[in-house]
Structure formats: structure tokens, C-alpha cells
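Reader: I would love a close look at the cysteines, if there is something to say about them. After that, please carry on into the packing and the loops around the rest of the chain.

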Amino acid sequence: MIVRVTGTDVFKQAIRLVGKDWNLLNRLIYESLRSDVPLVGRVAQYLLSSGGKRIRPMLLMLAARALGCPPGGPQVRAGVIVEYIHSATLLHDDVVDEAELRRGKTAANVLHGPAASVLVGDFLYSRAFELIVKTLKKDRAVEVLAATTNRIAEGEVLQLMNLKQAAVTEHQYLEVIRRKTASLFQACAQIGAILADADPAFEKAATTYGLELGMAYQITDDVLDYSGGASAFGKSVGADLKEGKTTLPIIYAMHAGSPYQQAALRNALRTGGLDNLPEVMEAIESTGALQYAAKRAGEAAGRAVDALAGLPDSKFRDLLESLARFSAQRAF
């Protein structure tokens, strides 16, 4: 049995710590959405108001404050930018995956149609880069964001190539999540350091922290797909399987399972149906696949905590440590 924490206290502490920056962030997220096209606002606001944790902008603001940025500094507007980039990827992902749920609610592509979701995702990307030009005065921060959006797109394509492929290795899986998910976490922590004019050693430590935090967060996401459920996690158990995604629990079960279990896993991935879900769950549980994946998430979170030793001691650093531990133990 995997013991997890809810993380509610972590987020409450983080919101209290960044203070007015949090309220300003949320106000600017909605103010900057304004468009003369009504559907743009409806789709974007539907997603942005659907209960996301805003962990990426929070990470950016905490890193910036840990390294000396004052309250209300450039980290807030940078947080708006990364939330738009992340939201754009979600809209596009749900169309590609034909997802039915997002954060426990009907996905935007179901409610408004896939075409609207793709186009509003494009709007959020373009608005993000419009804000970059207007608000980010650090060339290296702009370069980091530009490179990161490329890596995210590459990760999406790699994941698409791996769909329904039972032969995907753990190394290949880790490369996908490094690009698709962890790269934006990494960028958030690094940009926080850049905006604070941090010493190179501090920037390197923050960058490593963000990468490992993102790896832990995504591996845990993939564990929760087989143990969370819509009420806690926001999507149905087996959603990744239905989409043909070969994630770490499946990879480990394929490696450690019996020939019968391996055949059931291959068939489930190939068909994308959930008729084989009982056999898949039995294989995952009997091989200890969830425990193995949770262990790997914990190792990444540990490396994130170790990286924090390179940052100055502060309440913000302590909160970043709590966030790392939460990323590997969360239940939502």
C-alpha cells in the first residue's frame, strides 16, 4: 500500500508565503485573456478555472523569491506566461488523446469541440509570447522559454511515436517525460533564478531542482492513473491505457510479469480498450509495478531536495523542499 499526503497544507503554506503575488497572478491570468472573439475567452476561461494547482507559476515565484526577487516583481508576470503555455499544451493534449475528462470535469474538446480546443490553445501560445515581448526584460529568460516550448513539442511527438508500443523501454519513457513535462518545471525554476539575477551556481541548483521535481511529478501522475480515480485525480483509472500510452507501471509490469500477463498488456495497449483492464490491474499489482514507479518518483524527488542545498537558507527554500516531497507522495 502506497502512503501519500494530500498536499493541501503545502499549497496553503505556499500561497501564504508568496502573499499578494498569488492574488496578482490569478488576476493577471484572467485579465490578459481578453479577446474580441467570445469563444476564445469561453474555452480558455473554462480550462483555467477548472481547478488546476498552478504549480508551475508557483514554482517560478518561489524560486525567484528564494533568490532575492521582491514581492510583486517580474516573477508574477512570468508566472502568467508559463501558465498560458501549460494550458495550451493541455488543450492540445486532450484533442490528441481524445480525453473525456480534465481535472474531474468534461474536457474542453468534448464540450466545445476539438477544433475550438486546438485554436484556443494556439491563442494561449501566441498570447504567452506576446506577454514575453511586453514584460520579460531578460534575454536569457526569453531564450529558456523559447527552447522549452520546442522541447515540449518534441516530447509530444516522441510520445505519439510510442503509442501502443509494448517494446518502449524505461529509458525511452523517461526521455519523453523529461521533454514533455519536466522541461517546463525546469524552465520555471531557472527563470526564477534568472529574474533574481542569481549567481550561476544558484541558477544551476534551481535548474536541477526544477528538472527533478518535474520528473517526480509526472511519474507520480502515471502511478495515479492506475490508483487514483476521477474523484481524487480528475480522470478515470486506466485513461492512459485507453490512449495507448506506455507509462512506467506498464513498462515494469511488462518486464516482470508472466508470459500470460505480458500478452494481456500487449493486447490492452494495442486495442486501446479497457476490456482487459482487470488483467492489466492484476499484472500491475502482482508485479509491484506501482511500488517500483513510486520508488523512482521518490528518487527524483530526493535529487530535487539535494539540489536545494545549493540555494540560500530561507522559508522559500524550505517550502520548495516540501513541494518536492509532495510531488512524489501526492494523491491528486
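Author: Let's start with the sulfur of C188, which lies 14 Å from the closest cysteine sulfur, that of C69, and this is too far for a bond. A disulfide here is a pair of cysteine sulfur atoms within 2.5 Å, and a search of the whole structure finds 0 of them. C69 is accordingly in no disulfide, with C188 holding the nearest cysteine sulfur, 14 Å away. Both side chains are tucked in: C188 is buried at a relative accessible area of 0%, and C69 is buried at 6%. (Buried means under 20% relative accessible area, exposed over 50%, and partly exposed in between, using a 1.4 Å probe and protein chains only.)

Before going further, please keep in mind that this is a predicted model, in which local features need pLDDT of at least 70, side-chain atom pairs count only at pLDDT 80 or more, and totals for chains, interfaces and linings use all residues. Residues are numbered from 1 along each chain as its sequence is written, and side-chain values use heavy atoms, with hydrogens and water left out.

Now to the interior. The largest nonpolar core contains 77 residues, and those with the most contacts inside it are L62, Y84, I191, Y209 and L323. (Such a core is a set of buried Ala, Val, Leu, Ile, Met, Phe, Trp, Tyr and Cys residues joined through side-chain atoms within 4.5 Å.) Helix α5 supplies the largest share of this core, 10 residues; helices (H or I, at least four residues) and strands (E, at least two) are DSSP runs numbered from the N terminus. Leaving out residues up to four places away in sequence, Y84 touches L28, I29, S32, L33, L48, L124, R127, A128 and L131, where contact means heavy atoms within 4.5 Å. Another core, of 32 residues, lies apart from it and includes I250, V280, A283 and I284.

One of the partners of Y84, L48, takes us to helix α3, residues 38-48, where V40, G41, V43, A44, Y46, L47 and L48 are buried. Among the elements covering these buried residues are α2 (20-31), α5 (74-97), β1 (101-102), β2 (105-106), α6 (108-111) and α7 (114-135).

Two helices further along make a nice pair to view down their axes. In α16 (residues 289-307), 19 residues at 1.5 Å a residue should span 27 Å, and the end C-alpha atoms are indeed 27 Å apart; the expected span is 1.5 Å times one less than the number of residues. Its buried residues are A289, L290, A293, A294, A297, A300, A301, A304, V305 and A307. Seen down the axis of α16, they fall within an arc of 155°, so they line one face of the helix. (The arc is that of the directions from the helix axis to the C-beta atoms.) K295 and D306 are exposed on the other side of α16. The cover over the buried residues of α16 includes α10 (200-224), α13 (248-256), α15 (277-287) and α17 (315-329).

Helix α14 (residues 259-271) has 13 residues that should span 18 Å, in agreement with the 18 Å between its end C-alpha atoms. Q261, A264, L265, A268 and L269 are buried in α14. They cover an arc of only 130° around the axis, which puts them on the same side of α14, while P259 and Y260 are exposed on the other side. The buried residues of α14 pack against α12, α13 and α15.

L269 of α14 is also in contact with a loop residue, T246, as are N162, Q165, V168, Y173 and I251, leaving aside neighbours within four places in sequence. T246 sits in the loop between α12 (239-242) and α13, and at 9% relative accessibility it counts as buried. Its side chain reaches the backbone oxygen of Q165 at 2.9 Å.

Finally, two backbone oddities. Most residues other than glycine have a negative phi. R54, however, has a positive phi of about 55° although it is not a glycine; R54 lies in the loop between α3 and α4 (55-66) and is buried, at 8%. E98, likewise not a glycine, also has a positive phi of about 55°. E98 lies in the loop between α5 and β1, and at 67% relative accessibility E98 counts as exposed.

Terms used
A polar contact is a pair of N or O atoms within 3.5 Å; within protein, one must be able to donate a hydrogen and the other to accept it, and residues adjacent in sequence count only if both atoms are side-chain atoms.
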